[in-house]
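User: Hey, got a minute to walk me through this one? I'd like to start with what's tucked inside.

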Amino acid sequence: MCRSIKTLRPPAMPEEATEAEIRAAALQYVRKVSGFRAPAAHNQEVFERAVEAVAQATAELLDGLEIRGAAARQAS
């Protein structure tokens with residue numbers, strides 16, 4: 001899909017993703033889907049709402065994921 005969006009879960013990241021990283025990924029996704037790097041003034045509000053919705057969904061996804069074997073990998 002969009003190669004500039006990086007994986008935000010362990011073990012790809014050594015620590016929990018920050019809000020800034022989650023928002024950056026959401027912004028990249030919305031840019032890709034909309035086809036706009038920066039929306040026109042008349043689309044700015046809907047663009048920002050989409051970024052916030054995707055960021056929230058991403059945070060919920062990351063919070064709910066169970067990474068099996070993660071404790072064993074972190075201990076070593």
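Analyst: Sure. Starting with H1, its buried residues are Ile 22, Ala 25, Ala 26, Leu 27 and Val 30. Keep in mind that this is a predicted model.

User: OK, and what covers the buried residues of H1?

Analyst: The cover includes H2. It works in the other direction too, since helix H1 (19-34) is part of what covers the buried residues of H2.

User: Which are the buried residues of H2, then?

Analyst: Phe 47, Val 51, Ala 55 and Thr 58. They sit on the same side of H2, because they cover an arc of only 70° around the axis.

User: And which residues are exposed on the other side of H2?

Analyst: Over there you'll find Glu 45, Gln 56, Asp 63 and Gly 64 exposed.

User: Let's zoom in on Leu 27. Why does Leu 27 count as buried?

Analyst: Its relative accessibility is 18%, and buried means under 20%, so Leu 27 makes the cut. Leu 27 is found in helix H1.

User: What is Leu 27 in contact with, leaving aside its neighbours within four places in sequence?

Analyst: Phe 47 and Val 51. Both are on the list of buried residues of H2. As for Ala 55, which is 28 residues from Leu 27 along the chain, the two C-alpha atoms are separated by 8.1 Å.

User: Nice. How about Leu 8, where does that lie?

Analyst: Leu 8 is in the segment before H1. Leu 8 counts as buried because its relative accessibility is 9%.

User: And what is Leu 8 in contact with, again leaving aside neighbours within four places in sequence?

Analyst: The list is Met 13, Ala 17, Glu 21, Ile 22, Ala 25, Thr 58 and Leu 62. Ile 22 and Ala 25 are among the buried residues of H1, and Thr 58 is one of the buried residues of H2.

User: How far apart are the C-alpha atoms of Leu 8 and Thr 58?

Analyst: They are separated by 9.2 Å, with the two positions 50 residues apart along the chain.

User: Switching topic: what about pockets?

Analyst: The largest pocket has a volume of about 230 Å³. Its lining has 14 residues, and those nearest the centre are Leu 8, Pro 10, Glu 16, Ala 17 and Leu 62. So Leu 8 turns up again here, with its 9% relative accessibility.

User: Which element gives the largest share of the lining?

Analyst: H2 does, with 3 residues.

User: Let's check the helices themselves. What span should H2 have?

Analyst: H2 runs over residues 44-64, and at 1.5 Å a residue its 21 residues should span 30 Å. The end C-alpha atoms are 30 Å apart, which agrees. H1 has 16 residues and reaches 22 Å from first C-alpha to last, close to the 22 Å expected.

User: What happens just after H1?

Analyst: Gly 35 comes there, and it takes a positive phi of about 80°. Ser 34 still lies in helix H1.

User: Is Ser 34 buried or partly exposed?

Analyst: Partly exposed, because its relative accessible area is 33%, and partly exposed means between 20% and 50%. Ser 34 and Ala 50 are 16 residues apart in sequence, and 10.0 Å apart from C-alpha to C-alpha.

User: Last bit, the whole chain. How many helices and strands?

Analyst: 3 helices and 0 strands, so the pattern along the sequence reads α-α-α. Of the 76 residues, 20% count as buried.

User: And the contacts and surface overall?

Analyst: Taking contacts with a separation of 6 or more, 59% are between residues 24 or more positions apart. The accessible surface comes to about 5,800 Å², and 54% of it belongs to carbon and sulfur atoms.

Methods:
Residues numbered from 1 in each chain as written. Predicted model: local features only at pLDDT ≥ 70, side-chain atom pairs only at ≥ 80, totals over all residues. Heavy atoms only, no water. Helix = DSSP H or I, 4+ residues; strand = E, 2+ residues; numbered from the N terminus. Expected span 1.5 Å × (residues − 1). Buried < 20%, exposed > 50% of the residue type's maximum accessible area, 1.4 Å probe, protein only. Arc of directions from axis to C-beta. Contact = heavy atoms within 4.5 Å. Areas by Shrake-Rupley, 256 points an atom, 1.4 Å probe, with all protein chains shown as cover. 1 Å grid on protein atoms, 1.4 Å probe; cavity = no way out; pocket = protein on both sides within 12 Å on 5 of 7 lines; lining within 4 Å. Points joined across faces, edges and corners; volume = space filled by probe spheres on them.
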